[in-house]
Each structure stands twice: as C-alpha cells, then as structure tokens.
Amino acid sequence: MARGHDAVLCLVTDRRRLCPETVAFEAARRRLIDQAKWAVTSNVDLIQVRERDLETADLARLVSDLVRVTRGSGTRVVVNDRLDVALACGADGVHLRHDSVRAETVRTIAPAGFLVGRSVHGLAEAEGAGPVDYLIAGAVFPTSSKPSAAMLGLDGLADVVQAVAVPVLAIGGITRERLDEVAATGAAGAAGIGLFIEWFDRLETPS
C-alpha cells in the first residue's frame with residue numbers, strides 16, 4: 001500500500017484534537033479538509049475518518065468532502081466502522097473496530113477493491129481478523145488518545161506481524177523518533193492522530 005516512501009502512513013482524524021479551540025463542526029470540517037489536502041501532497045497513504053460522535057448526516061458530509069479532495073491521488077479514505085457511510089459516500093474502504101462486524105460479512109456487501117482494515121490489540125484478535133487488507137495494532141506506546149488502553153508494546157507488535165500475512169500498522173504514541181523502532185518489528189508502517197497533527201501544525205506555523 002505504500003507509495004513514494006518505505007512505510008505505509010495512515011492519518012487518523014480527530015477534529016477535537018485538531019481544533020481544540022472550537023466545538024463548531026463547520027470550522028472543524030474546514031480544518032479537516034485542509035489536513036486531507038496536506039495528506040495528499042505529503043504522500044500519506046490512508047486517511048481513516050474516525051469521528052465516532054458525529055451524527056450520520058454530518059459524518060457523511062465530511063466523508064464526501066474528504067473523498068472529493070483525495071480523489072485521483074494515491075491517498076485513500078476509509079471510514080471507521082460505518083460501512084453504510086463508506087459505501088454511500090464512495091469511500092475507498094472501511095476500518096473495523098476489533099468488536100465490529102466480521103470482515104467476511106463486509107466482503108459479501110462491498111464492491112471489488114474495497115479496502116477492509118481492522119484494529120487489533122493482541123495476537124488472538126489478529127489471528128481471528130478474517131479477510132482484511134491490513135491491520136492496525138496497538139497501543140504500542142502510551143497514548144493520550146486512549147490513556148487506559150492496554151499496552152501491546154514493540155514485542156507484541158512483532159508477534160502480530162509474524163502471525164499474519166497482511167500489512168500491520170502500529171498505533172499508539174507514535175512519534176517521528178519512534179518510527180525506526182516500529183520498522184524494526186517488521187511492521188509495514190504507522191497510524192496515528194497526534195503524529196500527523198504535529199506535522200500539519202508545523203507546516204501551518206510560520207518559521
């Protein structure tokens with residue numbers, strides 16, 4: 001899945017962290033669109049739209065916006081858990097929670113070429129993930145996004161990588177300085193929220 005770089009990169013959206021200064025959806029939507037445009041120019045492979053508290057209409061509008069700005073590029077949009085929204089808005093795939101619908105069920109509904117990913121937190125979940133295109137495994141390091149999450153760690157990440165035949169992306173506390181440690185496990189790349197907000201904010205802040 002990687003293009004133009006060695007590692008697969010997945011930007012996970014979080015409008016509240018991206019726009020802590022506002023709770024207004026419209027303002028956050030505009031920032032998310034700008035972030036998606038940046039992701040395209042930065043050769044980010046995947047954007048996972050993870051806005052679980054949005055009403056369906058707002059989520060669909062946001063997904064449609066991100067599909068529009070990424071269409072024709074190498075950046076693909078997947079929707080967290082909401083297969084209905086992903087299909088209705090022409091997204092490239094769906095990213096399933098570890099306790100979500102089975103990947104086999106998605107395959108009977110989705111068109112050919114539709115990406116199916118799943119979050120896993122350990123070896124058993126990874127081995128039972130079904131016919132997915134990739135896994136996101138974590139939390140590898142402590143993370144402010146899920147401070148109470150059980151730690152998979154680098155050793156656990158390596159075990160998941162060895163157990164499955166699909167690309168595995170690390171998530172949880174990923175920083176630029178930790179990417180080499182992640183790569184050493186055999187993981188295909190990394191997913192994150194704060195990692196990409198940091199890069200995006202650095203671009204927007206005048207030097």
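This passage walks through the barrel, a few of its strands and the salt bridges in a predicted model.

The core of the fold is easy to sketch. Eight strands close into a barrel, in the order β1-β2-β3-β4-β5-β6-β7-β8, and the pairing is parallel. Going from one strand to the next, the twist averages 25 degrees. At the start of that order, strand β1 (residues 8–12) and β2 run parallel and are joined by three bridges. One residue of β1 can be picked out here: C10 has L46 as its bridge partner in β2.

Strand β2 covers residues 46–49, and Q48 sits in it. With a relative accessibility of just 4%, Q48 counts as buried, because the cut-off for that label is under 20%. What does Q48 touch, once its neighbours within four places in sequence are left aside? The contacts of Q48 are C10, L11, V12, T13, V78, N80, H95 and I136. Of these, C10 has already come up as the bridge partner of L46, and H95 falls within strand β4 (residues 93–96). I136, for its part, belongs to the stretch 134–137 that makes up β6.

Further round the barrel, strand β5 (residues 115–120) is mostly covered, with six of its six residues buried. In a regular strand, side chains alternate between the two faces of the sheet. For β5, both faces turn out to be covered: L115, G117 and S119 are buried on one side, and V116, R118 and V120 are buried on the other. The chain gets to β5 from β4 by way of helix α5 (residues 103–109), and this β-α-β crossover is right-handed.

On its β4 side, β5 pairs in the parallel sense over four bridges, and L96 has R118 as its bridge partner in β5. Towards β6, β5 again pairs in the parallel sense, over four bridges. R118 turns up here too, with L135 as its bridge partner in β6. So R118, a buried residue of β5, is a bridge partner of L96 and also of L135. Next along, helix α7 (residues 153–163) lies across both β6 (134–137) and β7 (168–170), and α7 runs at about 165 degrees to β7.

Then there are the charged side chains. Side chains of opposite charge can pair when their charged atoms come close. The count for this model comes to 14 salt bridges. One of them is between the side chains of D65 and R29, at 2.6 Å from N to O. This pair links distant parts of the chain, with D65 in helix α3 (residues 56–70) and R29 in helix α2 (residues 25–41), 36 residues apart. Both D65 and R29 are buried.

Are the partners in the D84–R82 bridge buried or exposed? D84 counts as partly exposed because its relative accessibility is 44%, and R82 is partly exposed as well, with a relative accessible area of 25%. The closest N and O atoms of D84 and R82 are 2.9 Å apart. R97 and D99 form another salt bridge, with 3.0 Å between the closest N and O atoms. R97 is partly exposed at a relative accessible area of 25%, and D99 is partly exposed at 48%. Salt bridges that share partners also join E26, R29, R61, D65 and R68 into one network, and the buried residues D65 and R29 are therefore among the members of that network.

Key. Residues numbered from 1 in each chain as written. Predicted model: local features only at pLDDT ≥ 70, side-chain atom pairs only at ≥ 80, totals over all residues. Heavy atoms only, no water. Helix = DSSP H or I, 4+ residues; strand = E, 2+ residues; numbered from the N terminus. Buried < 20%, exposed > 50% of the residue type's maximum accessible area, 1.4 Å probe, protein only. Contact = heavy atoms within 4.5 Å. Pairing = 2+ DSSP bridges. Axes fitted to C-alpha atoms, helices over the stretch in contact; angles between N-to-C directions. Right-handed = clockwise from strand over helix to strand, strands pointing away. Salt bridge = Lys/Arg side-chain N within 4 Å of Asp/Glu carboxyl O.
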